[in-house]
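Biologist: I am new to this structure. Please take one part of it and go through that part closely, then place it beside a few other features.

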Amino acid sequence: MPKEKGSHISLLDLPKNFEEVHPGLSKQEAIEEANRCLYCYDAPCIKACPTDIDIPTFIKKIASGNLLGSATTIMTSNPIGASCARVCPTEELCEGACVLNHSTKPIMIGNLQRYATDWAIQNQRVLFKAGETNGKRVAVIGGGPSGLSAARELARLGFTTTIFEAEERAGGLNTYGIVSFRLPQAISFWEVEQVKSLNVEIRTNTRVGKDISAQEILDSYDFVVFAVGMAHVPALAILGEDLDGVYDAIQFVKDTKTKEISQDLLGKNVVVIGAGNTAIDGATCSVRLGAKNVKILYRRTQEEMSAYDFEYEFAKQDGVEFRWLTAPKRIIGENGEVKSIECIKMELGDPDQDGRRRPIPVEGSEFILEVDAVIKAIGQTRHQDLIEQFGLEHQGGVVKVHQDTYQTSHPKVFACGDVVFGKGKGDAMVVTAAQQGKLTAHAIHKLISPVTIQ
């Protein structure tokens, strides 16, 4: 007997569940893989890592059985190194630079990083201590990857640090925005606890600009780290967007990590609009929620999509279909619910400012797809109002910072993470956000101390 719409079912009843896709290396596999490493002098893998992890050293420590030392080496350079072990595009970064690419296959650096940090998590190890207090207070706005990284470094350098986090739990994207079967919340929670162990205060459920004013923070702290990330998915600006069955991809993924699993998509046809990593997450989540058919619609081609290659391959293995050069024109409903979507074919014209060719509608190419749900994944809006409350110079919500120090137009305020990323400014990866947070902390420290940070 079918269950009523809106009821809930166990994950065990679904065709695929939300457990981690990859189980990780066994002890024997990790040791054998670690012993393949050549421990290169001037290792190219270190140069390819945005956080400069000493990769040969942490791998050598795995080979010798020193897992505490290995995890400490990783986390010293990358305060969210356990999460990055799972979500970094390693084939484009460290593993892509491995010298063994030219002879056999690269070292599984990401899997070894996960092995060492998983050991620290399972053994409940606290890896760092707070530095001797220097009498300075710093407010970190946002407890995501860049904010946590900045707070961890600041605490080690002796700053009294407070994180202001709007959500119920800190961790940002890692806690709420990346699917559980790639990054379980427990991993992000452990990284948050590592930061809290340094006497960092984390004020959750506290939205700056609402629960506490920007001016109050500026008046109460010596420095501010603005690490607010991004906001919600913008509107498609098409007819039918307000129908029941149209989802914001960010909220959709968050719900799968924070609420009882719903069967609303069981046996349904789903389309996802967009082709970034969040779109992939929305699509693969839909598969695990029992959707019968999942299509990703993208107005450009595979060449222009922003999703990582491994995410694209993962989605294809999950049976997700990709419709390139396809844009939504209107969502069609019946009795307030989604029933179909009208699309139009596109062709590529001259490049936009970001270098990607501009999609142009093909006249008369409209067609209808029968669907039950539409997931919007066309990027995210910015916290422009909050940016302006702090009086920061910005361009369309992208905060302007000094390239070397991450200092904003306000001398007390530094910014890092997604809030400083704009088109043409590199890839907004979790690992680069972590590095920016770390460098921001170092820049603040240099203002009060001439000592060079190692």
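Modeller: The expected span of a helix is 1.5 Å times one less than its number of residues. This is a predicted model, and helix α8, residues 145-156, can be checked in that way. With 12 residues α8 should span 16 Å, and its end C-alpha atoms are 17 Å apart, which agrees.

Next comes burial, which means under 20% relative accessible area. Of the 12 residues of α8, 11 are buried, so the helix is largely enclosed by the rest of the structure. Among them are Pro-145, Gly-147, Leu-148, Arg-152, Glu-153 and Leu-154. After α8 comes Gly-158, which has a positive phi, near 95°.

The sheet is another feature. Strand β1 (residues 137-141) runs parallel to strand β2 (residues 160-164), and 5 bridges join the two. One bridge pairs Ala-139 with Thr-162 in β2. Both strands belong to an open sheet of 5 strands, ordered β3-β2-β1-β4-β16 with parallel pairing. At the edges stand β3 (201-203) and β16 (413-415); each has a single partner strand, so one side of each is left without a neighbour in the sheet. From one strand to the next, the twist averages 20°.

Elsewhere, Lys-376 lies in strand β13, residues 373-376. Lys-376 counts as buried because its relative accessibility is 12%. Its side chain makes a polar contact with the side chain of Glu-241, at 3.1 Å. Leaving aside neighbours within four places in sequence, Lys-376 is in contact with residues including Val-233, Pro-234, Tyr-247, Asp-248 and Ile-273.

Technical notes
Residues numbered from 1 in each chain as written. Predicted model: local features only at pLDDT ≥ 70, side-chain atom pairs only at ≥ 80, totals over all residues. Heavy atoms only, no water. Helix = DSSP H or I, 4+ residues; strand = E, 2+ residues; numbered from the N terminus. Buried < 20%, exposed > 50% of the residue type's maximum accessible area, 1.4 Å probe, protein only. Pairing = 2+ DSSP bridges. Axes fitted to C-alpha atoms, helices over the stretch in contact; angles between N-to-C directions. Polar contact = N/O pair within 3.5 Å; in protein donor to acceptor, adjacent residues only side chain to side chain. Contact = heavy atoms within 4.5 Å.
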